[in-house]
Amino acid sequence: MKKGLSILVLFILVAATSIAEAGVAKQNAGCGVGTMIFGDKDSLVFELFAATTNGCFGNQTFGMSSGTLGCAPMKGVVSNEKINLYVADNMDNLAKDMAKGNGEYLETLALLMNVSENEKQVFFTKLQANFNNIYTSSDVKSTEVVKNIEVVLQNS
Amino acid sequence: MSLLLNIRHDLKKTIVPFFICLIFCHFLLYPHSIFAQQYQSTIDDQKKDIIAQELFADINVQQLIALANSKKLSQSKKWWALLHYKKNISGIKSLVDDPKFFLAPDGKYNPESELEATIRFLYSYNDKENPVCRFMARYSWLKKELGAVSPHETHCEKLQEIISFKDDMSVHLIFPTGYINSPASMFGHTLLTVQSQYNPGLLSSAVNYAANTNETFGPSFAFKGIFGLYRGYFSIQPYYSKVQEYSDLESRDIWEYKLNLNQDEVRMMLFHIWELDNIYSDYYFFDENCSYNLLYLLEVTRPDTHLTDNFFFWVIPIDTLRKVSNAGFIENKAFRPSRTTLIQYLVDHLNKQQINAIKSIAKGNNPLDVINHYSFNDLEKVQVLDCASEYIQYCYADKQYSQKEYQTIFINVLKLRSTLTNTITYSPPAPPPPEDGHYSSRINIQMGSFENDSFTELSYRPSYHDLCDDTSGFVSGSQIIFGEIAARYYWDTQKIQFQRFDIIDIESIAPINPLIKPLSWKIITGFERLPFKNNSELLVYQLNTGGGYAFSLTHWFQLYGMVEFSGLLHNDFENNIEVAPGASIGLLLQPFNKMRLRFHVNDCYYMFGESFNYITIKTIAQYNINQRFSFRFDVNYWHHEQWYHQFSGSFIYYFW
């Protein structure tokens, strides 16, 4: 029986060590996410949140080199930063929606850019038609994407 | 460059350790220092605003305390909810463990002295910090109950901001369904979002409670989690980052429940979140976990709902969801399909040529060439490209591409897609909602005959879901059983015997589709009584694992096959142990809504000590009447040199 027990312990250990790679911790937030997303002075409640998420966890999420996820505290950010951050954090899904000409990520961009309800369809169509000029290359940076969107909207 | 998922998720199948029984949530890395810093700076901000001492001359704190005592405020549900007090056999205790949360030295154990200290703190002169800012929820309640305004109130900017925020805020309870390939999130998760017109939908703030850990060594992670050695904190992130995590990376469907809190209630909730900023409670996987602590944010808005009461030993996210639903908090709900659910839905509507085109594009062939190779009409082209872009993102999350490969393939597909102006809105149908699913504990009374001896068996399963249970709210094709225990009484011999103790029994039967081919797997371990030659029934300890593939023939008919390993321990074996390679095949059917059928054959060839072949055949038919009741019929055969059989019928009751 002793032998049996020791084998039982072995079973358990084998099973136990395999959890080592199980879904433990994942770092989610980008650096300073809260500050910028909720940092708009108009929306006071988000100030409340901004305070709790303010901090630097390292350049984690999608923002490989986007530059908007810097660790320096952003005080009094303009709403453009909000757009920059949103685009940086949602590059892939936004690109997909833009190419399709509809979708939740595109709707959210329209909202951040204050596009009114009746202008929205024109906005979507324009972005879709100019997709090549916005997502110019496979390694385009999110700040360039935002700039390109502005250029596309101005040139019309 | 940032078309990239930098968090790559490991979809590798993981096995679950024996001693980790109920693990619920996701764990975030949240360095203490962030909170510490923040806490400090809050105090600094308040220092600038110096309050005049004369303002306190008219306040009689003793009188306020006397009033509170006469109204028995320290016994009120609201006070208990705000302080997270719970009564158990050892007395009254707050579940919050951070000393910063209490003002009285015995505040954790004494609601009365904590209330007195709170009143004293809120209504007395203080030039070091603003008491109202530190305990907004306590203050806003006491102000109403005592009819007394503290001079600190006007000096607390945060409070003023929240009060003066005129835009309508709404709160959603978010339920990402379970993720069977990670022990930590097998049971699903819950979080809240707060939104207003400035940050609706994806931009809303997700409020999440999680253990603070960056532990990667499994056993110690499990040990610490079970014994409360981690600290749990609330954190806030944009909701889109949670959607990416759950829906895009982990393939978990998400349910979003809009709650019917009024603006005052939302404010009370915000006050309480603010009070809990940088405050920890010891985190226990079983009960004081992510889903449980989240309930406090709702309970403080309506203390009469007793959301945090009546849990025993463990709290499972779906049970908390049901509690919130039964307490009448839910206004409406929405379903957000995961990326894999979407791909499955798209694939169902595509023809073979389209699938081939998608595969070819995903391999990196020029999308335009591929599309032109087939004679697709515009609509078909759009379908191909839309599905391809989802599939490419899926493959990247599954680590099938390098970052560079992914970027190029993905952007090429989108460039072509942008030239086609057709838009299609894809909305996979919502499955039955989770709160309508069965309760997660069950008792089973079984009557049957084993080798013509009639018996009655009683079994109890603490959690959670069997392949033949109703699938509403559970990952379809998943079986997660922990700690099922059974005893049996034989009427002829009048003996009671211990029958079974399923420590862990997890199976994931995930059908492949033309694009996505998940591994089906299982791990079963525990004590079970099995028939062996000479009519001896042995109570063996077994470990049975396997991996293979499952196929959906129709949406209600699945076939699966696995290669297995089985190990048995018992004194009667030559070396106390037997090990075997084996194989199994099975069928899962749902001919109509409430009926689930399973047929399973397993053959193992044991060869460590004495060599022998062992066959198990199981047939189960279960009729799921509602959330509470099911009927089930089992026919089992075993073969070890001769056949043994058992027939039985069961009545199942689900509870909690």
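Both B:R500 and B:E484 are buried, and I start with that pair. A word on the source: this is a predicted model. The two side chains form a salt bridge, with the closest N and O atoms of B:R500 and B:E484 2.6 Å apart. B:R500 sits in strand 15, residues 495-508 of chain B, and B:E484 in strand 14, residues 478-490, so the salt bridge ties together parts that are 16 residues apart in sequence.

Staying with salt bridges, the count over all chains comes to 36. I will show a few others. B:D634 and B:R632 meet through their side chains at 3.2 Å, N to O. Is B:D634 buried or exposed? B:D634 counts as buried because its relative accessibility is 8%, and the cut-off is under 20%. B:R632, at 9% relative accessibility, counts as buried too.

Next is B:K128, whose side chain meets that of B:D127 in a salt bridge at 3.8 Å, N to O. Here B:K128 is exposed, with a relative accessible area of 59%. B:D127 is partly exposed, at 47%.

The last item on this topic involves both chains. A network of salt bridges links A:K96, B:D248, B:R339 and B:E390.

Now the domains of chain B. The division gives domain 1 at 9-49, domain 2 at 57-161, domain 3 at 170-336, domain 4 at 339-417 and domain 5 at 437-655. I will take domains 3 and 5. Their C-alpha centres in chain B lie 33 Å apart. On the domain 3 side, 12 residues are in contact with 21 residues of domain 5 of chain B. The area buried between domain 3 and domain 5 of chain B is about 1200 Å², and carbon and sulfur atoms give 65% of that area.

How many salt bridges are there between domain 3 and domain 5 of chain B? The count is zero. Polar contacts are found there: three residue pairs across the interface of domain 3 and domain 5 of chain B, both residues of each at pLDDT 80 or more. Helix 12 of chain B, residues 317-326, gives the most to the domain 3 side of that interface, with four residues. By residue class, the side of domain 3 that touches domain 5 of chain B has seven nonpolar, three polar and two charged residues.

Within the bounds of domain 5 I picked out B:Q590. B:Q590 is in the loop between strand 20, residues 577-589, and strand 21, residues 595-606, of chain B. Although in a loop, B:Q590 counts as buried, at 17% relative accessibility. Its side chain reaches the backbone oxygen of B:N593 at 2.8 Å. Leaving out residues up to four places away in sequence, B:Q590 touches B:T471, B:W556, B:M595 and B:R596.

A second buried loop residue is B:A148, at 12% relative accessibility. B:A148 is placed between helix 6, residues 136-146, and helix 7, residues 157-164, of chain B. With the same sequence neighbours left out, that is, those up to four places away, B:A148 touches B:L64, B:Y123, B:Y139 and B:K143. For scale, the C-alpha atoms of B:A148 and B:W255 are separated by 42 Å, with their positions 107 residues apart along the chain.

On to backbone geometry. Most residues other than glycine have a negative phi, and most peptide bonds are trans. There are several exceptions to go through here.

The peptide bond from B:S463 to B:Y464 is cis, with omega near 20 degrees. B:Y464 belongs to strand 13, residues 463-465 of chain B.

B:K399 is not a glycine, yet has a positive phi of about 65 degrees. B:K399 is in the loop between helix 16, residues 378-397, and helix 17, residues 403-417, of chain B. With a relative accessible area of 46%, B:K399 is partly exposed.

B:N576, also not a glycine, has a positive phi of about 70 degrees. Where is B:N576 placed? The place of B:N576 is in the loop between strand 19, residues 557-569, and strand 20 of chain B. B:N576 is buried, with a relative accessible area of 13%.

Chain A supplies the final case. A:N114, which follows helix 6 of chain A, has a positive phi near 60 degrees. In that helix, residues 104-112, the buried residues are A:Y105, A:L106, A:T108, A:L109, A:A110 and A:L112.

Terms used
Residues numbered from 1 in each chain as written. Chains lettered and ligands numbered in written order. Heavy atoms only, no water. Domains from an automatic or database assignment. Contact = heavy atoms within 4.5 Å. Buried area = accessible area lost by both parts, 1.4 Å probe. Salt bridge = Lys/Arg side-chain N within 4 Å of Asp/Glu carboxyl O. Polar contact = N/O pair within 3.5 Å; in protein donor to acceptor, adjacent residues only side chain to side chain. Helix = DSSP H or I, 4+ residues; strand = E, 2+ residues; numbered from the N terminus. Nonpolar A, V, L, I, M, F, W, Y, C, P; charged D, E, K, R; others polar. Buried < 20%, exposed > 50% of the residue type's maximum accessible area, 1.4 Å probe, protein only.
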